[in-house]
Amino acid sequence: RFSVVVNHFKSKGCDGASGTDADQGDGQGCFNATRLQQAQALRTFVAQVQAAAASPDVLIIGDLNAYAQEDPIHDL
């Protein structure tokens, strides 16, 4: 038994980005702060799914708009 959670995190397009969502020049693009918040919310949701399914096995798929060394992926 396993659960599948499908996501689409905020894109890296800079239209409307400001503050911590502006491009910080670290290679992660715009809206990194929003994607990090989405990753944190996803972790909470996955824990709820694991409890409801009585199974620790969860597959996260979709477009996270982040690469392996970026903050959202590190958070997950």
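This text leads through a helix, a strand residue and a disulfide in a predicted model.

Helix H1 is the starting point. It covers residues 32–53, which is 22 residues. At 1.5 Å a residue, a helix of that number of residues should span 32 Å, and the end C-alpha atoms of H1 are 31 Å apart, so the expected and the computed span agree.

Some residues of H1 are buried: Asn32, Thr34, Arg35, Ala39, Leu42, Val46, Val49 and Ala53. Around the helix axis these residues cover an arc of only 135°, so they lie on the same side of H1. A general property of helices is useful here. An α-helix has 3.6 residues a turn, so residues three or four places apart point the same way. Gln37 and Ala51, on the other side of H1, are exposed.

What do the buried residues of H1 pack against? Their partners are strand S1 (3–8), strand S2 (58–63) and helix H2 (71–75). After H1 comes Ala54, and the phi of Ala54 is positive, near 55°.

Strand S1 can be looked at through one of its residues, Asn7. Is Asn7 buried or exposed? The relative accessibility of Asn7 is 13%, and buried means under 20%, so Asn7 counts as buried. Leaving aside residues up to four places away in sequence, Asn7 touches Leu42, Ile60, Ile61, Gly62, Asp63 and Leu64. One of these, Leu42, is also among the buried residues of H1. Ile60, Ile61, Gly62 and Asp63 fall within the range of strand S2, 58–63. The side chain of Asn7 also reaches the backbone oxygen of Val5, at 3.4 Å.

The remaining feature is a disulfide. A disulfide is a covalent bond between the sulfur atoms of two cysteines. The model has 1 disulfide, and it joins Cys14 to Cys30 with an S to S distance of 1.9 Å. Both cysteines lie in the loop between S1 and H1, so the bond ties together parts that are 16 residues apart in sequence. The torsion about the S-S bond of Cys14 and Cys30 is about 90°, and therefore the disulfide is right-handed.

How exposed or buried are the cysteines, Cys14 and Cys30? Cys14 is partly exposed, with a relative accessible area of 42%, whereas Cys30 is buried, with a relative accessible area of 2%.

Technical notes: Residues numbered from 1 in each chain as written. Predicted model: local features only at pLDDT ≥ 70, side-chain atom pairs only at ≥ 80, totals over all residues. Heavy atoms only, no water. Helix = DSSP H or I, 4+ residues; strand = E, 2+ residues; numbered from the N terminus. Expected span 1.5 Å × (residues − 1). Buried < 20%, exposed > 50% of the residue type's maximum accessible area, 1.4 Å probe, protein only. Arc of directions from axis to C-beta. Contact = heavy atoms within 4.5 Å. Polar contact = N/O pair within 3.5 Å; in protein donor to acceptor, adjacent residues only side chain to side chain. Disulfide = S-S within 2.5 Å.
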